[in-house]
Amino acid sequence: MQTLNRFLIESSIQMPLYNIIQYIIKPSKDLSRKINIAGLEDILGEAEVTNVQGEEQKKLDVYANDEFIKSLSECTHCAAMISEETEVIIHTPFPDAEYIVAFDPVDGSSNIDVNVSIGTIFSVYKRISTSGPITEEDCLQAGKNQLAAGYIIYGSSTILVMTTGNGVHSFTLEPHIDKFYLSDTHVRTPKDGKIYSLNEGNYIKFPEGVKKYLKYCQENDKETNRPYSSRYIGSMVADFHRNLKKGGVFIYPSTEKDPNGKLRVLYECNPMSFLIEQAGGKASNGFERMLDVVPTSIHQRTPIFVGSTNMVDKACEFMKEYSTKAQ
Ligand code: P6P
């Protein structure tokens, strides 16, 4: 079995990126242990604080955010961080360092109380400015500029799925040895799938194009393997991971309540979009390639259609025919 570090070295990854990945996976191992004994430690439930998103923070959100910030603040290649849980850019003691890391420390944290898989999502960029404190402009880059992206899914096993632009590879944590081992290389997502994932409870608030696509998924048509199956667990990392392996489409569209959608560009949609394209799939905001979108704020939200190429294309066809971009 090949360790993550051996794989990275043999893939001739640039040393700064190698380094940054080490400072990301270190807290993820501790987090995995905590999640696996969540019921035995005071790590479940609300932290009685809300985050910049106005969301109730879970104790695990606060713990994980602190641990990732602490770890990356020791990485001499990391100049700043963007975290879902923190309103402002987090500057490290290395203002002239070259890299920025955006992360969602615990995505889907509300599922921790019911033992459903959750995950950490991360994305790595190179700064635009040459030195000095990281500016907002350094952080507001299109997703196509990412140098690395990935997630760690804390489920029946803890798996790191990542890309540095040369395909998608996954590594499984051997908890007794506390090391990640290569478990799958050059992961490819099927061009077609039979799974659609979205919160149908929001149906009446969906754009017309999404409503039409949903009905298309439910029609009887043997030739195109329809009706598809609906699978939605409310944890993006878990829904994405299943669809990546089996084929399918994950959609979080704009709604009347969230006109820009719910999920965030920098630390949810962009990393997942980089991964899916590297695995032969597609990601869009319904009208354009997700990775071309230039964010205007560090916590900007966006609609997202991500997964099997042919399914994303079909959903976007309905969006273009029945919905307007502004919607
Ligand atoms: P809803 C979890 O809160 C999250 O950010 C994603 O992990 C998940 O896909 C989505 O929100 C679920 O949102 O509105 O369907 O509960």
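**The ligand site, the largest pocket and a cavity**

Good morning. I begin with a contact: an oxygen atom of the ligand lies 2.9 Å from an N or O atom in the side chain of Lys 262. That is a polar contact, meaning a pair of N or O atoms within 3.5 Å; within protein, one must be able to donate a hydrogen and the other to accept it, and residues adjacent in sequence count only if both atoms are side-chain atoms. Taken alone, the ligand exposes 400 Å², and the protein buries 81% of that; accessible areas come from the Shrake-Rupley method with a 1.4 Å probe, and for residues only the protein chains shown count as cover.

A word on the basis. This is a predicted model, in which local features need pLDDT of at least 70 and side-chain atom pairs count only at pLDDT 80 or more, while totals for chains, interfaces and linings use all residues. Residues are numbered from 1 along each chain as its sequence is written, and side-chain values use heavy atoms, with hydrogens and water left out.

Returning to the ligand, a polar side-chain atom of Tyr 232 is 2.6 Å from an oxygen atom of the ligand. A polar backbone atom of Met 236 lies 2.8 Å from an oxygen atom of the ligand. Which residues come nearest among the 13 around the ligand? They are Asp 107, Asn 199, Tyr 232, Met 236 and Tyr 252; a residue is near a molecule or strand if one of its heavy atoms lies within 4 Å of it. The shell has five nonpolar, four polar and four charged residues. Here Ala, Val, Leu, Ile, Met, Phe, Trp, Tyr, Cys and Pro count as nonpolar, Asp, Glu, Lys and Arg as charged, and the others, Gly among them, as polar.

The space taken by the ligand is the largest pocket. On a 1 Å grid over the protein atoms alone, a pocket is an open set with protein on both sides within 12 Å along at least five of seven lines, a cavity is a set of points where a 1.4 Å probe fits but cannot get out, and lining residues have an atom within 4 Å of a point. A molecule sits in either if more than half of its atoms lie within 2 Å of its grid points. The volume of the largest pocket is about 430 Å³. Its lining has 26 residues, and Glu 55, Gly 108, Ser 110, Gly 234 and Lys 262 are the closest to its centre. The lining divides into six nonpolar, eight polar and twelve charged residues.

The structure also holds one cavity of 30 Å³ or more. Residues lining the largest cavity include Asp 239, Phe 240, Ile 276 and Val 306. By class, this lining has five nonpolar, three polar and one charged residues.

Finally, two backbone features. The peptide bond from Arg 226 to Pro 227 is cis, with omega near 10°. Asn 115 has a positive phi of about 60°, although it is not a glycine. Thank you.

Note on methods:
Points joined across faces, edges and corners; volume = space filled by probe spheres on them.
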